[in-house]
Amino acid sequence: MNPETERTWIINGEKMSVTFPPGRRLLDVLREDLKLTGTKEGCGEGECGACTVIVDGELIVSCLLAAGQVPDGAEIMTVEGLEKTEGGRLLQASYVEKGAAQCGFCIPGMIMSSYHLLSRGEPLSQPIIREAHAGNICRCTGYEKIMEAVSAAAEHWPKSEAKS
Amino acid sequence: MSVSLRCVEASDLLLPGSLPEALAMMAEPEPPTPLAGGTDLMVQCEAGARKPPARLLSLKQLPELKGIDEADDTIRIGAGATHWQIRNHADVKVGLPGLVEAVSMVGGRQIQTMGTIGGSLANGSPAGDIAPYLLIADAVVEVASIEGTRQIPIRNFLIDYRKIDLKPNELIVAVTCKVLPEGAKEGWRKLGPRAAQAISKIMGNYRGKIVDGVIESFAVSLGSVAPTAIRLPEVEAFLVGKPLSEETIAEAERLASASVKPISDIRSTAEYRKWVAGRLVRGFLTSFTKGNEGSEGSEGCES
Ligand SMILES: Cc1cc2nc3c(=O)[nH]c(=O)nc-3n(C[C@H](O)[C@H](O)[C@H](O)COP(=O)(O)OP(=O)(O)OC[C@H]3O[C@@H](n4cnc5c(N)ncnc54)[C@H](O)[C@@H]3O)c2cc1C
Ligand code: FES
Ligand code: FES
């Protein structure tokens, strides 16, 4: 029972192979097996969004995904991959400039939701921006500065940054 | 770093490539537990509310569960369709607008991307936001095993508290809903502590048609007031053929409050839920007099 599973994924643009029990949460594979500790665990129950990453273009919470369900060749983007993209760097700078982070614990997940939203290149509005972050809880900022940071980044979003 | 076993880490994971292959695995003497988006199952296992199954059968990769197809006056939604896919599907937007509203309120973006309609149904929670809609859309649940397929009307599928008409060797394959008839209107309302990521205190859906001020048809369902989501047959029978007047609305409100037998729990009291059941029905009927489109929407409301 429960043999180890091997997967090769493209994580933040790099090919990585990893072996794990298939029921292991993607969060644990990222943090413990691959030492990508930028992704955080808050609740472990899908409520807080601190563990948010992008898998094959889809925004997911990695605490609720059995890593064995992620197929070979999948493209995964974590907070560590942000700075490799123009849009990601823009977002980071915007979060900093607007003072959008306080304790910072929610930010690795929050900013993945921001990146996912903006990189889709769809029309934006304040309600859309807010709703896109509804799955991310922040206990510090009251969200206003985060919304400002996202709106500011949206204005200068690089045209080339299509799908994540 | 020392690693403790989390959630379903000790479980085996089966990854069938097709539905027939999955059904063959489900036919084994000790069938595996289906795993779709994991937004209920993983949470229950992590929280210790459920023993991690020895074997999980992943449904995510099955092509047969993914489609959404329109035919005549119905839309068939594969059990593996996610809330996000349903919400953005062109035919569903037109034919089942109340479903779009209901799935739009499930969790945040991540949960909508992961969670499936099949998982919502199989989870069988009386607080689920999808079953009440399926009741007013006269949905039929399609379940399959290696022995064949069964088509079960949603009313019969929801048996009791967390009890559904699904055998251990069966999978939910699809849900087929009747599209909103010409000239009819449907809407929805959820009351919870806040808009996103909150379990409902009470929620309801309606689908009705009113011609020249007379109620031609009216279906209404409520969630979180009984062990399963329910229709309100007494209210519906009373309304058909009546003029849409204040007297009619007041009597429907009274009947709705009287006909539900909710419980008190951590999220709300029985008295509050009875009262709100009546108010929801009043609101649904009043929306016709105002002539506004579609849904009443969601409301944060503390009890
Ligand atoms: C943060 C958060 C917020 C949420 N908010 C809401 C909300 O507002 N409203 C709401 O209604 N729900 C909500 N939910 C609950 C949940 O998202 C839904 O019930 C969800 O759609 C379940 O689908 P799933 O694919 O994730 O199911 P899973 O967790 O994969 O499975 C759930 C159960 O169904 C079984 N199962 C799944 N698919 C099938 C199938 N095809 N055939 C047979 N059995 C099957 C599994 O064995 C399991 O027992 C929320 C969950 C979280 C974590
Ligand atoms: S840790 Fe995954 S959502 Fe909170
Ligand atoms: S900055 Fe502290 S939780 Fe968001």
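Student: What makes Arg109(B) count as a charge over the face of Trp84(B)?

Tutor: In this predicted model, Arg109(B) lies 3.5 Å from the ring centre of Trp84(B). The cut-off is 6 Å for CZ of Arg, together with an angle within 35 degrees of the ring normal. The distance of 3.5 Å is within that cut-off, and Arg109(B) is placed over the ring face, so the pair qualifies.

Student: Which ring does Lys185(B) lie over, and how do you know that it counts?

Tutor: That ring is Phe288(B), with Lys185(B) at 4.7 Å from its centre. For Lys the atom is NZ, and the limit is again 6 Å, so 4.7 Å passes. Phe288(B) also belongs to an aromatic cluster with Tyr206(B), Phe218(B) and Phe284(B). Over all chains, the count is 7 aromatic pairs.

Student: Why are S4(B) and S5(B) called paired strands?

Tutor: Pairing needs at least two bridges. Strand S4 (residues 68–71) of chain B and strand S5 (residues 74–78) of chain B have 4 bridges, so they pair, and the sense is antiparallel. Ile68(B) stands opposite Ile77(B). The two strands form a hairpin with 2 residues between them, and Asp72(B) in the turn has a positive phi of about 45°.

Student: What makes S10(B) a partner of S5(B)?

Tutor: Here 5 bridges join S5(B) to strand S10 (residues 171–178) of chain B, so the requirement of at least two is met. These strands run antiparallel, and Arg76(B) has Thr176(B) as its bridge partner.

Student: How do you know that S6(B) and S7(B) pair?

Tutor: The same test applies: 6 bridges link S6 (residues 140–145) and S7 (residues 148–153) of chain B, against a minimum of two, so they pair, in the antiparallel sense. One of the partnerships is Val143(B) with Arg150(B). A hairpin through 2 residues joins the strands.

Student: What makes the approach of Gly37(B) to ligand 1 a polar contact?

Tutor: A polar backbone atom of Gly37(B) is 2.8 Å from an oxygen atom of ligand 1. The cut-off for N or O atoms is 3.5 Å, so this pair counts. By that reasoning Leu41(B) counts too, because its backbone N or O atom lies 2.7 Å from a ligand oxygen. For Ile172(B), a backbone N or O atom lies 2.8 Å from a nitrogen atom of ligand 1, so that contact also passes.

Student: Where does ligand 1 lie, and how many residues surround it?

Tutor: Ligand 1 lies between chains A and B. It is surrounded by 37 residues, and Thr39(B) and Asp40(B) are among the closest.

Conventions. Residues are numbered from 1 along each chain as its sequence is written. Chains are lettered from A and ligands numbered from 1 in the order in which they are written. This is a predicted model: local features need pLDDT of at least 70, side-chain atom pairs count only at pLDDT 80 or more; totals for chains, interfaces and linings use all residues. Side-chain values use heavy atoms; hydrogens and water are left out. Rings of Phe, Tyr and Trp (its six-membered ring) pair if their centres lie within 6.5 Å; planes under 30 degrees apart count as stacked, over 60 as edge-to-face and the rest as tilted. A residue is near a molecule or strand if one of its heavy atoms lies within 4 Å of it. A polar contact is a pair of N or O atoms within 3.5 Å; within protein, one must be able to donate a hydrogen and the other to accept it, and residues adjacent in sequence count only if both atoms are side-chain atoms.
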